[in-house]
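User: I have a model open and would like to go through its packing with you. Could we begin with what counts as a contact?

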Amino acid sequence: MKEYDVIVIGAGICGLAAALKLVAAGKKVLVLERDNDIGGLISCYDLKTFKIEKYYHHFFKQDTHLLKMIKDLGLNKQIYWKRGSTGYYVDGQEYDLNTPLQFLTYKYLSFSGKVKLIKSLLNLKFKNDLAYLDEIKASDWIHENCTEDVYVNFFKPLLDAKFGRFSDEISAAWLLMRVKKRSSRGFNGERLGYFENGFSILLKKLEEVIYKSGGEILTGSAVDKIFVDSGKVQALQADSRVFETDTVISTISVRQLRNLSAFPGELDQKMAVFKEQAVNCALFAVNRPLLKNYWVNIKNSKPGFNVLVEHTNFLSPAFYNNMHLLYLVSYDNTQERQDFAAKDSEGLIRGYKNALSENFGLQENDIIWSKLARSFEAGPVYNTGFRNNRLPYFSGLRNLYISGMAQSYPDRGVDDSILQGQICADLAIKATG
């Protein structure tokens with residue numbers, strides 16, 4: 001008899017969603033997580049009087065799988081729906097882009113460019129399947145359907161900020177799904193969801209239910225080897241301990257998984273070329289507000305970061321001891337893990353502080369504290385052809401399933417990660433009887 005029916009590698013939201021469904025089906029489940037905290041990219045800093053995500057998060061009205069999970073866990077009353085304002089920071093000035101009128105009066109786009117863009121987006125509004133755009137570059141779609149100034153002054157800075165050296169490879173399917181998701185707003189702007197005390201409340205409830213249902217979660221347990229015999233996984237090794245199992249669900253990054261075992265040729269080739277992004281995300285607590293909007297895209301990289309998310313322009317500073325919280329985000333073009341890991345975190349924070357001072361007038365004595373979260377695998381690069389190059393759920397090893405952002409399409413997010421975890425849990429339940 002094996003120790004566990006199913007072992008889930010990774011305690012991010014995908015792994016926890018899979019574990020939740022598995023224990024509900026009566027399976028004996030172990031979740032192994034390399035970090036000391038659960039949650040992955042929605043893990044939180046514990047600052048005693050409040051908790052806050054290491055990487056900024058919110059959710060949308062159309063996040064059906066997340067909202068169902070929240071309802072099933074009895075957390076509905078812990079949600080706030082708040083106006084999430086957006087802006088564009090150009091040449092030292094912040095421009096509001098929350099309403100149709102503000103967009104139409106944005107001076108960096110020509111009138112003809114705005115008309116063509118709006119017309120193109122309206123044509124896409126009710127199309128749910130954007131797969132036909134997967135082989136088309138985002139830059140080509142923009143040039144074909146809009147004007148040069150829309151590309152140069154609006155989309156290109158966003159693509160460069162998000163994907164860096166990969167920006168000219170990104171598919172129109174990703175770009176337009178991202179725009180579609182963010183364009184479901186009324187005349188007063190967009191309403192976004194958030195939890196009282198952040199996503200920590202969701203993580204705590206998931207952990208509680210999994211344990212009460214007989215599941216186990218081991219943090220600080222990085223899987224370093226998968227034992228395979230005759231094409232079937234027999235056990236996993238994590239920190240010198242060996243865990244036997246009938247079935248494995250991997251929710252970790254493609255790069256991490258590929259280091260744990262040999263995989264069949266075609267899958268190994270897909271894994272070898274699968275591109276993932278690195279990200280640096282600093283969180284600053286300061287004594288005054290910086291900008292007006294919650295989410296501000298930076299037109300160029302001069303400040304040293306591409307996105308400024310002023311969390312307390314979304315949820316009141318009263319929730320955070322009257323401090324103002326800022327996320328500074330920069331996607332990292334470093335290609336090797338060892339080079340990424342070798343970067344000086346204190347140096348990165350100093351660079352952010354200098355940028356805040358030079359570009360926004362924030363002084364050292366305005367800063368209460370700062371923290372830095374970094375991930376070498378923050379998400380896939382959605383290049384053209386991604387849809388057909390997604391990793392399959394079946395790994396080629398008879399009882400190992402692959403789940404997570406490797407299957408998310410045409411965009412990633414908490415909602416889709418939950419769906420991917422549930423799909424693989426269903427496969428594991430069917431396989432184990």
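Analyst: A contact here means heavy atoms within 4.5 Å. Please note that the model is predicted.

User: With that in mind, what does A373 touch, leaving aside its neighbours within four places in sequence?
Analyst: A373 is in contact with Y45, K54, Y55, V279, N280 and C281. The residue belongs to strand 17, which covers residues 367–380.

User: Is A373 buried or exposed?
Analyst: A373 counts as buried, because its relative accessibility is 5%, and the cut-off for buried is under 20%.

User: How far is A373 from V329 in space?
Analyst: The C-alpha atoms of A373 and V329 lie 9.8 Å apart, while 44 residues separate the two in sequence.

User: Which sheet has strand 17 in it, and what is the strand order?
Analyst: Strand 17 is part of an open sheet of 7 strands with mixed pairing, in the order 7-6-14-15-16-13-17. Strand 7 (93–96) and strand 17 are the edges; each has a single partner strand, so one side of each has no neighbour in the sheet. On average, neighbouring strands are turned by 20° against each other, direction ignored.

User: And how do strands 6 and 14 pair?
Analyst: Strand 6 (residues 86–90) and strand 14 (residues 295–298) pair in the parallel sense over 4 bridges. Within this pair, G87 stands opposite V296 of strand 14.

User: Which helix packs on that sheet?
Analyst: Helix 6 (residues 148–163) does, touching strands 6, 13, 14, 16 and 17. The direction of helix 6 makes about 95° with that of strand 6.

User: Changing topic: how do helix 1 and helix 8 cross?
Analyst: The axes of helix 1 (residues 13–24) and helix 8 (residues 200–212) come within 10 Å and cross at roughly 30°. The crossing is left-handed. Helix 1 contributes I13, L16, A19, L20 and V23 to the contact, and helix 8 contributes L202, L203, L206, V209 and I210. These residues divide into 10 nonpolar, no polar and no charged.

User: Which residues touch the most other members of the largest nonpolar core?
Analyst: In that core of 64 residues, they are I52, M69, L202 and I249. Helix 1 supplies the largest share of the core, 8 residues. Another core, of 59 residues, lies apart from it and includes Y151, A238, V381 and Y382.

User: Finally, where is S261 found?
Analyst: S261 is in the loop between helix 9 (254–258) and helix 10 (265–273). S261 counts as buried because its relative accessibility is 16%. Not counting residues up to four places away in sequence, S261 touches I226, V228 and L397.

How values were computed. Residues numbered from 1 in each chain as written. Predicted model: local features only at pLDDT ≥ 70, side-chain atom pairs only at ≥ 80, totals over all residues. Heavy atoms only, no water. Helix = DSSP H or I, 4+ residues; strand = E, 2+ residues; numbered from the N terminus. Buried < 20%, exposed > 50% of the residue type's maximum accessible area, 1.4 Å probe, protein only. Axes fitted to C-alpha atoms, helices over the stretch in contact; angles between N-to-C directions. Left-handed = near helix turned anticlockwise from the far one by under 90°. Nonpolar A, V, L, I, M, F, W, Y, C, P; charged D, E, K, R; others polar. Core = buried A, V, L, I, M, F, W, Y, C linked by side-chain atoms within 4.5 Å. Pairing = 2+ DSSP bridges.
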